[in-house]
Amino acid sequence: MAGRQDVAIWMRPEQAAVGRPAERSRAEITAAAVALADREGLAAVSMRRVAAELGTGAASLYRYVATRDDLLDLMTDSTAAGYDLSEPTGDWLADLVGVGRQARRIMRRHPWLPALVTARPVLGPNGVDVLEHVLGVLAAQPAGADAKLEAFALLNAFTAVFVQHELGGGEPAARHHAAYLRQVAAAGGHPRLAAALTEAAAPADGPADHHEADRYEAALARVLAGLLTPPR
């Protein structure tokens, strides 16, 4: 096994202390797992399949990564390397929405990621860099430290749920549920629901993805402002 399993993967040695010299790295293994998940979905990711992608045996992977859960954590954190952590502009809300915009793009690029963000929220080295950036954006914001940490967690969770909804629109279960709601609204007994569905379905100017992006950013801004702006 690749070290103790009661501490985070990033607190363990890169490779087991005994055995042959290293032939792989965690980064290589993680990249292979991410590529596999991008192609075939998260269910396809197993130690055996990742080892096959690398042309080796599953047993050799355990010298670097102790469990599949460790591998999932490494995959999640690796995607956080895709953020552009530019200097804050002084407009904390706009900057946070900018972080969210990047999060949405990364999660759409890796459709398996939102489920991991909600089920296994972890922070490795790349994720800690993003958190440090967010805290820098909020340095002059008067909210307390707890609220700022909550804002970071909420930004990630909100984005994950939003992207799951976006990407799940074509799934049979989602289509069936939408059809049921339309049927209920059309029956006439729930006029507020009917009005809300009609308004939500109204076509918007421009490409559909631009509309979704605008809707995401406006909703995220309202959520973050509500959390971090003290009531009058």
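Modeller: Rings of Phe, Tyr and Trp (its six-membered ring) count as a pair if their centres lie within 6.5 Å. The structure above is a predicted model.

Colleague: By this rule, how many aromatic pairs are there?

Modeller: The test is the distance between ring centres, with the cut-off at 6.5 Å. Ring pairs join Phe158, Phe162 and Tyr216 into a cluster. The count of aromatic pairs by this rule is 3.

Colleague: How many helices and how many strands are in the chain?

Modeller: Read from the N terminus, the elements run α-α-α-α-α-α-α-α-α-α-α. The chain therefore has 0 strands, and its number of helices is 11.

Colleague: Which element gives the largest share of the largest nonpolar core?

Modeller: This core has 49 residues, and those with the most contacts inside it include Ile29, Val45 and Leu228. Among the elements that give two or more residues to the core are α1 (26–40), α5 (92–109), α8 (145–167) and α11 (208–228). The largest share is 7 residues, and it comes from α8.

Colleague: How far apart are the end C-alpha atoms of α8?

Modeller: Helix α8 has 23 residues, and at 1.5 Å a residue they should span 33 Å. The model agrees with that expectation, because the end C-alpha atoms are apart by 33 Å.

Colleague: Which residues does leucine 228 touch, leaving out those up to four places away in sequence?

Modeller: Leucine 228 is one of the residues with the most contacts inside the largest nonpolar core. Three of its partners, Ala147, Lys148 and Ala151, are also listed as buried residues of α8. In full, leucine 228 touches Trp92, Leu96, Leu138, Gln141, Ala143, Ala147, Lys148 and Ala151.

Colleague: Is alanine 185 buried or exposed?

Modeller: Alanine 185 is found in helix α9 (residues 172–186). Leaving aside neighbours within four places in sequence, alanine 185 is in contact with Leu193, Ala194 and Leu197. The cut-off for burial is under 20% relative accessible area. Alanine 185 has 12% relative accessibility, so this residue counts as buried.

Colleague: How far apart in space are alanine 185 and alanine 196, C-alpha to C-alpha?

Modeller: In sequence, alanine 185 and alanine 196 are 11 residues apart. In space, C-alpha to C-alpha, the distance is 9.5 Å.

Colleague: Which residues are joined into one network by salt bridges that share partners?

Modeller: By the rule used, the count of salt bridges comes to 11. Arginine 49 meets glutamate 40 at 3.0 Å, N to O, and forms a salt bridge with glutamate 53 at 3.8 Å between the closest N and O atoms. Glutamate 53 and arginine 49 are 4 residues apart in helix α2, so about one helical turn separates them. Salt bridges with shared partners join into one network Arg39, Glu40, Arg49 and Glu53.

Colleague: What is the relative accessible area of glutamate 40?

Modeller: Its partner arginine 49 is partly exposed, at 29%. Glutamate 40 is also partly exposed, with a relative accessible area of 45%.

Colleague: How many residues apart in sequence are the parts that glutamate 217 and arginine 101 tie together?

Modeller: Glutamate 217 and arginine 101 form a salt bridge, with the closest N and O atoms 2.7 Å apart. Glutamate 217 lies in helix α11 and arginine 101 in helix α5, so the pair ties together parts whose separation in sequence is 116 residues.

Notes: Residues are numbered from 1 along each chain as its sequence is written. This is a predicted model: local features need pLDDT of at least 70, side-chain atom pairs count only at pLDDT 80 or more; totals for chains, interfaces and linings use all residues. Side-chain values use heavy atoms; hydrogens and water are left out. A nonpolar core is a set of buried Ala, Val, Leu, Ile, Met, Phe, Trp, Tyr and Cys residues joined through side-chain atoms within 4.5 Å. Buried means under 20% relative accessible area, exposed over 50%, partly exposed in between (1.4 Å probe, protein chains only). Contact means heavy atoms within 4.5 Å. Rings of Phe, Tyr and Trp (its six-membered ring) pair if their centres lie within 6.5 Å; planes under 30 degrees apart count as stacked, over 60 as edge-to-face and the rest as tilted. The expected span of a helix is 1.5 Å times one less than its number of residues. A salt bridge is a side-chain nitrogen of Lys or Arg within 4 Å of a carboxyl oxygen of Asp or Glu.
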